[in-house]
Amino acid sequence: MSKKRLAPDYIFESSWEVCNKVGGIYTVLSTRAKTLQEQFNDKVIFIGPDFWKENESPYFREEPSLLAEWRWEAHDKGLKVRVGRWIVPGEPIAILVDFTPYFEQKNAIYTWLWQNYQVDSLHAYGDYDEASMFSYAAGLVVESLYHYVCRQSNTDVKAIYQANEWMCGLGALYINNKVPQIATIFTTHATSIGRSIAGNQKPLYDYLFAYNGDQMAEELNMQSKHSIEKQTAWHVDCFTTVSDITANECVELLDKPVDVVLPNGFDNSFVPKTAEFNKKRKAARKKMLSVANALLGEDLDDETLIVSTSGRYEFRNKGIDVFVEAMNRLLRDRDLKRKVLAFIVVPGWVGEPRKDLQERLADGRRYDTPLEVPQLTHWLHNMGHDNVLNMMKFYDMHNSHADNVKVIFLPCYLDGQDGILNLTYYDVVLGNDLCIYPSYYEPWGYTPLEAVAFKVPCITTDLAGFGLWANKVFGHNGELEDGVKVIHRTDYNYSEVADIIKDTVARFSSLHKPQVDECRKHAEALSKKALWKEFIEYYYEAYDIALSKAEKRITTLKAK
């Protein structure tokens, strides 16, 4: 008979991206919240940094009645917190903590960290201090809140503290040391050293077995981030990551196998239903085409094949370089049956929306001459040093009238207020015919999962956790007809990947409507297999592992 899993009474979870929309981890946590809320109902408490202070946050609603008694206690201990709801499906409790007061104790905190866990903070720079002070403050919040709920329940409650990424490592170690009753989980969404090796143009995969994480951290000036990440991985009750591909990295670079892989799921409650979906898709396409037509001074109609790539501006890691390369090759492809409009939706160092483009969009007239720099919707601060613009310039890609492939760089977060498209990211994704994410380094890959959830077939690689997972579900390498084309990518086949993307887009351009509908149907079907209700099981397994270890530890401590 299998043993019954241990389940927590309370789950505390911290991340730099709680109520702070920065990247993929925000999506992981905010979409998972609803599933956890349904199971644990307000016993799930997220802790994030308070950047907004007295200002109103678009992601957080303060509710003074929530945990009101504890807030007085926290205030007496010098903790500056705000308690409320995270404005995402499920509306879980969120605590935002002001971490700035701890900067003056920084040296003492780092000394404690070295003495207890041999974490090297001497080589700290950039965001290390800020993240560490937040992490420490989050640890203090969890410690205080745990003791409060134990008193309220008049018993020892079973609690989990889950820390996300190296930025929350210090807090996990603090809890490990000061509150051993709490079971700790550490989730690395990408190893800091793996991302750095890949971002520094070094071959990661062929040599992974030969890399020494500590040595590479020294070479790449990553000692402090690598040190906190490694020590946290070694000392928590349950060490996790998001995909099999990153699990390999953890073994080789952190010298620590993960206990469980926690794949990133999705909540499709905000995917519009059929009538609304079709209306939004039509509106998105109309807007994207009107922006292109105003910028390019020509008339692209609804027969135009709209493709895009998006994500963080990691030029090589996210495969933005291969995307541009593929579009350049597509310009000369004789098998291309439709005009292609390709968007690169990647936040750059954006200055302001282009006034000349805004004027053209406002007057609604048709123009037959392009604007200056017809590859760009917003001016950038670093025009001369921008990787996308420089690569397009190198290939002489100027969106000239004769070109059948037009590439437009949209270098900002799509929050509905960018000044040009004025649509949210999800409202833009569903207007695409095909999304392309040829990642070189992608622990999971939310962008392709989001695309298929909105019925948009996509191209990804088997160096993305999502691509590997899709292949596993299909039982073969994903093809366009499956809804996801998964390209085999290595350290050295950049050119081959660009050619496969070019050929896939050309082939997609020749498909008839029933074939396209079939691709879209299969894309949506795959996304249903990645819903949180399917993946949450892995979290319950992690909770059980962590709580079992904590239980043994408490028994041992009581026996002493």
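**Helix packing, cores and cysteines in a predicted model**

Q: At what angle do helix α3 (residues 106-117) and helix α5 (residues 169-178) pack, and how far apart are their axes?
A: Two packed helices are described by the angle between their axes and the distance between the axes. In this predicted model, α3 passes α5 in a left-handed crossing. For this pair the angle is about 60°, and the axes lie 11 Å apart.

Q: How do the residues of the contact of α3 with α5 divide into nonpolar, polar and charged?
A: From α3 the contact draws on Ile109, Tyr110, Trp112, Leu113, Asn116 and Tyr117, which meet Leu170, Leu173, Tyr174, Asn176, Asn177 and Lys178 in α5. Sorted by type, these residues of the contact of α3 with α5 come to 8 nonpolar, 3 polar and 1 charged.

Q: Which helix gives the most residues to the largest nonpolar core?
A: This core has 84 residues, and the members that touch the most others are Trp86 and Tyr543. The helix that gives the most to this core, with 10 residues, spans residues 532-559 and is helix α19. Leaving aside residues up to four places away in sequence, Tyr543 touches Leu6, Pro8, Ile11, Leu36, Phe40, Ile160, Gln162 and Ile185. The helix asked for is α19.

Q: How many disulfides does the structure hold?
A: A disulfide would need two cysteine sulfur atoms within 2.5 Å. Cys238 is buried at 0% relative accessibility, and its sulfur cannot bond because the closest cysteine sulfur, in Cys250, is 12 Å away. Cys458 is likewise buried, at 0%, and its sulfur is too far for a bond because the closest cysteine sulfur, in Cys435, is 6.9 Å away. The number of disulfides in the structure is 0.

Methods
Residues are numbered from 1 along each chain as its sequence is written. This is a predicted model: local features need pLDDT of at least 70, side-chain atom pairs count only at pLDDT 80 or more; totals for chains, interfaces and linings use all residues. Side-chain values use heavy atoms; hydrogens and water are left out. Buried means under 20% relative accessible area, exposed over 50%, partly exposed in between (1.4 Å probe, protein chains only). A nonpolar core is a set of buried Ala, Val, Leu, Ile, Met, Phe, Trp, Tyr and Cys residues joined through side-chain atoms within 4.5 Å. Helices (H or I, at least four residues) and strands (E, at least two) are DSSP runs, numbered from the N terminus. Contact means heavy atoms within 4.5 Å. Axes are lines fitted to C-alpha atoms, for helices over the stretch in contact, and angles run from 0 to 180 degrees between N-to-C directions. A crossing is left-handed if the near helix is turned anticlockwise from the far one by less than a right angle, and right-handed if clockwise. Ala, Val, Leu, Ile, Met, Phe, Trp, Tyr, Cys and Pro count as nonpolar, Asp, Glu, Lys and Arg as charged, and the others, Gly among them, as polar.
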